[in-house]
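Here are a few worked exercises to try with the model open in your viewer. Have a go at each task before reading its solution.

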Amino acid sequence: MATENKNLSQYDKNTIPNAKDFRFGIVVSEWNDTITEGLFNGAKAALLDCGTLEENIIRWNVPGSFELTFGAKQMHETQEVDCVIVIGSVIKGETMHFEFVCEGVTQGIKDLNIVYDVPTIFCVLTDNNMQQSLDRSGGKHGNKGTEAAIAAIKMVALNRSI
């Protein structure tokens, strides 16, 4: 594995735009909440570390990862945000359900990025087992929530510069 024993969530704050005036929506899946809470905590900590004001972070929960697209769509349409981050976790089981959910949420988030002029950041872990998810939500591979927050800040800055 290319990321074995590497924490990919470290960032140089000097290279990240100041997010003081940015407003973020975060839609979090309640399914696999041990994982999604870790991802949310990583995202929120990075946003705050980069200057985002606590009151400029709006969190909504949805039941599962498949519902992230609808939650993000509603966030885009009802809240004045500069970016929406979707956080979920799908862990492979014994049936095709994993593939259907992963495909649906991936395509849904892609569609939101085409429809809206505000970016939607994909932070959905699609792992083969719980250990892989734990490793990526604050474990040995860092926190993909942190990475999503940094991507969100960069995308807001890019969007504002256009």
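## Exercise 1: a helix-to-strand pair

Arg59 comes out as partly exposed, its relative accessible area being 28%; that label covers the range between buried (under 20%) and exposed (over 50%), using a 1.4 Å probe and protein chains only. Before going on, note that this is a predicted model, where local features need pLDDT of at least 70, side-chain atom pairs count only at pLDDT 80 or more, and totals for chains, interfaces and linings use all residues. Residues are numbered from 1 along each chain as its sequence is written, and side-chain values use heavy atoms, with hydrogens and water left out.

Task: find the salt-bridge partner of Arg59 and say which elements the pair ties together.

Step 1. The criterion is a side-chain nitrogen of Lys or Arg within 4 Å of a carboxyl oxygen of Asp or Glu.

Step 2. Glu37 fits, with its closest N and O atoms to Arg59 sitting 2.4 Å apart.

Step 3. Glu37 lies in helix α1 and Arg59 in strand β2 (residues 57-62), so the bridge ties together parts 22 residues apart in sequence. Helices (H or I, at least four residues) and strands (E, at least two) are DSSP runs, numbered from the N terminus.

Step 4. Glu37 is partly exposed too, at 30% relative accessible area.

## Exercise 2: two more bridges

Task: take the salt bridges of Asp49 and Glu147, and work out where each partner lies.

Step 1. Asp49 pairs with Lys13, with 3.3 Å between the closest N and O atoms. Asp49 belongs to helix α1 (residues 33-49) and Lys13 to the segment before β1 (24-29), so this pair links parts 36 residues apart in sequence.

Step 2. Glu147 pairs with Lys144, again with the closest N and O atoms 3.3 Å apart. Both sit in helix α5 (residues 144-161), three residues apart, or about one turn of the helix.

Step 3. For accessibility, Asp49 is partly exposed at 35% and Lys13 is partly exposed at 41%. Glu147 is partly exposed at 24%, and Lys144 is partly exposed at 23%.

Step 4. The full tally for the structure is eight salt bridges.

## Exercise 3: the nonpolar core

Task: describe the largest nonpolar core and list the contacts of Ile26.

Step 1. A core here is a set of buried Ala, Val, Leu, Ile, Met, Phe, Trp, Tyr and Cys residues joined through side-chain atoms within 4.5 Å.

Step 2. The largest one has 26 residues, and those with the most contacts inside it are Phe24, Ile26, Leu47, Ile85, Ile87 and Ile153. Two or more residues each come from β1, α1, β3 (83-91), β4 (120-127) and α5.

Step 3. Skip neighbours within four places in sequence, and Ile26 is in contact (heavy atoms within 4.5 Å) with residues including Phe40, Leu47, Trp60, Met75 and Ile85.

Step 4. A separate second core of 18 residues includes Leu68, Ala72, Phe98 and Val101.

## Exercise 4: the cysteines

Task: count the disulfides, then check Cys102 and Cys123.

Step 1. The cut-off for a disulfide is a pair of cysteine sulfur atoms within 2.5 Å. The count comes to zero.

Step 2. The closest cysteine sulfur to that of Cys102 belongs to Cys123, 13 Å away, too far for a bond.

Step 3. For Cys123, the closest is the sulfur of Cys83 at 11 Å, also too far for a bond.

Step 4. Cys102 is buried at 11% relative accessibility, and Cys123 is buried at 3%.
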